[in-house]
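Student: Please take a close look at one single strand of this model. I would like to know how it is covered, what it pairs with, and what surrounds it.

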Amino acid sequence: MKLWVVAVGQRVPDWAQTAWDDYAKRFPPELKLELKAVKTEPRASKTLDTLLAAERERIEAAIPRGTRIVALDERGTALTTKALAARLTHWQGEGGDVALVIGGPDGLDPGFKAAAHERIRLSDLTLPHAMVRVLLAEQLYRAWSVNAGHPYHRE
């Protein structure tokens, strides 16, 4: 199974890339974590709807057909680590790949969020996009470790 993190925005600080790489390499061969960075639409003199629609097209083009889509949304379902571990087990049981989608500076297109299979949130706090990538990678790794009985997650 592959976990795709599809994130609007192509450049992140070196510390965020280093942290992402560290977590991504920890996953076992049967559960790969990969990043697909999508170009942010230029903000100059465009309406919000136009911006979000353009980013939505790029996001949809980056997601392989048949992939389960999980949108990260501030109004999505809040999950504990154990609940995320249960979601991961469920996704693995379905047998397909999963794309977890991080929107750009203005979020995700409302139609895209509505069409997603699930909507989750990582925090009640507003986080920088680079931090969201790292936090998501860490929490997915932690969810895997819970399910695998790996010592990374301790209670």
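Tutor: A residue is called buried here when its relative accessible area is under 20%, and exposed when that value is over 50%. The model is a predicted one, and the strand to look at is β4, which covers residues 98-102.

Start with the strand itself. Five of the five residues of β4 are buried, so the strand is largely enclosed by the rest of the structure. The cover is found on both faces: Val98, Leu100 and Ile102 are buried on one side, and Ala99 and Val101 are buried on the other. As background, side chains in a regular strand alternate between the two faces of the sheet.

Next, the sheet. β4 belongs to an open sheet of five strands, ordered β2-β1-β4-β3-β5, with parallel pairing. The edges are taken by β2 (32-38) and β5 (118-121); each has a single partner strand, so one side of each lacks a neighbour in the sheet. From one strand to the next, the twist averages 35 degrees.

In the order of the sheet, β4 stands between β1 and β3. On the β1 side, five bridges make the connection, and the two strands run parallel. In that pairing Ala7 has Ile102 of β4 as its bridge partner. On the β3 side, four bridges pair the strands, again in the parallel sense. Two of the residue pairs can be named: Arg68 is bridged to Val98 of β4, and Val70 is bridged to Leu100 of β4. Val98, Leu100 and Ile102, the β4 residues named in these pairs, are also the three buried residues listed for one side of the strand.

The neighbour β3 (residues 68-78) has a further partner, since five bridges join it to β5, and these two strands run parallel as well. There Ala71 stands opposite Arg119 of β5, while Thr77 stands opposite Ile120 of β5. Asp73 is also part of β3. With a relative accessibility of 12%, Asp73 counts as buried, because the cut-off is 20%. Leaving out residues up to four places away in sequence, Asp73 touches Lys113, Arg119, Ile120 and Arg121. Lys113 is 40 residues from Asp73 along the chain, and their C-alpha atoms are separated by 7.8 Å.

Now the helices around β4. Together with β3 and β4, helix α3 (residues 81-94) makes a β-α-β unit, and that unit is right-handed. The 14 residues of α3 should span 20 Å at 1.5 Å a residue, which agrees with the 20 Å between its end C-alpha atoms. Its buried residues are Leu84, Ala85, Leu88 and Trp91. Viewed down the axis of α3, they fall within an arc of 120 degrees, so they line one face of the helix. These buried residues pack against β4, and also against β1, β3, β5 and α5. After α3 comes Gly95, with a positive phi near 85 degrees.

A second helix in contact with the strand is α2 (residues 48-62), which packs on the sheet and touches β4 together with β1 (2-8) and β2. The direction of α2 makes about 150 degrees with that of β2.

Helix α1 (residues 14-26) can be set beside these two. Its buried residues are Ala16, Ala19, Trp20, Tyr23 and Ala24. They fall within an arc of 130 degrees seen down the axis of α1, so they line one face of that helix. Their packing partners are β1, β2 and α5 (129-148). On the other side of α1, Asp14, Thr18 and Lys25 are exposed.

To return to β4: the strand pairs with β1 through five bridges and with β3 through four, it is touched by α2, and the buried residues of α3 pack against it.

Conventions
Residues numbered from 1 in each chain as written. Predicted model: local features only at pLDDT ≥ 70, side-chain atom pairs only at ≥ 80, totals over all residues. Heavy atoms only, no water. Pairing = 2+ DSSP bridges. Axes fitted to C-alpha atoms, helices over the stretch in contact; angles between N-to-C directions. Contact = heavy atoms within 4.5 Å. Buried < 20%, exposed > 50% of the residue type's maximum accessible area, 1.4 Å probe, protein only. Arc of directions from axis to C-beta. Right-handed = clockwise from strand over helix to strand, strands pointing away. Expected span 1.5 Å × (residues − 1).
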